[in-house]
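The following exercises are to be worked with the sequence and the model side by side. Each task is followed by a solution in steps.

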Amino acid sequence: MLLKEGVSPQKITVTGNTVVDSLHYILSKPFHAWAPAGGHRFRQLSHHSRDLSSQETLGKDLEEICLALLDIIKEFPGRPRRISCSPESEVQSTARRILSDVDRVHLIPPLDYLTFVNLMKRTHLILTDSGGLQEEAPTLCKPLFVLRRVTERPEAFTKVCPKS
């Protein structure tokens, strides 16, 4: 784009994506995986904290997200689900009201980045409204379900991952 606009190639510096670069950096750090009580293997469903500048995932939309998670959990019995919730009070109260009494659901507070990235690496599916996770999930070749009406990161849906 810059070349088309007449910018000299000598004035162009190619850099990486800071989200992806940070992800790779964190994954290079030592991490000692912790196991849930009882030795169960957890499958993680992640609803990341919403963009605080947006009202998109509040109110009825947030309730519908939680009800959809409930439907998914009922449809696919088996392993426990770990759901990371934003510390915001409306997110916490809605998630607790709909999901806290559901067997196999563990609502957990936001995790530190090292732990979250390493759990994300081990998860089977990522459900999120987080823009950063919309970049990280394809980088990790994880299936992604965006919990928003619009995404600013449509490239997340064009990433081709090697078959495992």
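Helices (H or I, at least four residues) and strands (E, at least two) are taken as DSSP runs, numbered from the N terminus. The model examined here is predicted.

**Exercise 1. Determine how many helices and strands the chain has, and in what pattern they follow one another.**

Solution. Counting the runs gives 5 helices and 5 strands. Reading along the sequence then yields the pattern α-β-α-β-α-β-α-β-α-β. As to burial, 38% of the 164 residues of the chain count as buried.

**Exercise 2. Establish which way the side chains of strand β2 point, and in which sense β2 pairs with strand β3.**

Solution. Begin with the general rule: in a regular strand, side chains alternate between the two faces of the sheet. In β2 (residues 81–84), R81 and I83 point one way, whereas R82 and S84 point the other way. All four of these residues are buried. Next, consider the partner strand: β2 pairs with β3 (residues 105–108) in the parallel sense, over 4 bridges. Within this pairing, R82 stands opposite H106 of β3.

**Exercise 3. Classify the packing of helix α1 against helix α4 as roughly parallel, roughly antiparallel, roughly perpendicular or oblique.**

Solution. Helix α1 (residues 18–27) and helix α4 (residues 113–122) pack at an angle of about 90°, and their axes are 10 Å apart. Angles of 65 to 115 degrees count as roughly perpendicular, and α1 and α4 are therefore roughly perpendicular to each other. The contact is formed by V19, S22, L23, I26 and L27 from α1, together with Y113, L114, V117, N118, M120 and K121 from α4. Sorted by character, the residues of this contact comprise 8 nonpolar, 2 polar and 1 charged.

**Exercise 4. Identify which residues have the most contacts inside the largest nonpolar core, and which elements give two or more residues to this core.**

Solution. The largest nonpolar core has 15 residues, and those with the most contacts inside it are C66, L69, I83, C85, I98, L99 and V105. The elements giving two or more residues to this core are α2 (59–75) and α3 (89–99). Of these, α2 supplies the largest share, 6 residues. Another core, of 12 residues, lies apart from it and includes L23, I26, I126 and L133.

**Exercise 5. State which residues of α3 are buried, and against which elements they pack.**

Solution. The buried residues of α3 are V91, Q92, T94, A95, I98 and L99. These buried residues pack against α2, β2 and β3.

Definitions and conventions:
Residues numbered from 1 in each chain as written. Predicted model: local features only at pLDDT ≥ 70, side-chain atom pairs only at ≥ 80, totals over all residues. Heavy atoms only, no water. Buried < 20%, exposed > 50% of the residue type's maximum accessible area, 1.4 Å probe, protein only. Pairing = 2+ DSSP bridges. Axes fitted to C-alpha atoms, helices over the stretch in contact; angles between N-to-C directions. Parallel < 35°, antiparallel > 145°, perpendicular 65-115°, else oblique. Contact = heavy atoms within 4.5 Å. Nonpolar A, V, L, I, M, F, W, Y, C, P; charged D, E, K, R; others polar. Core = buried A, V, L, I, M, F, W, Y, C linked by side-chain atoms within 4.5 Å.
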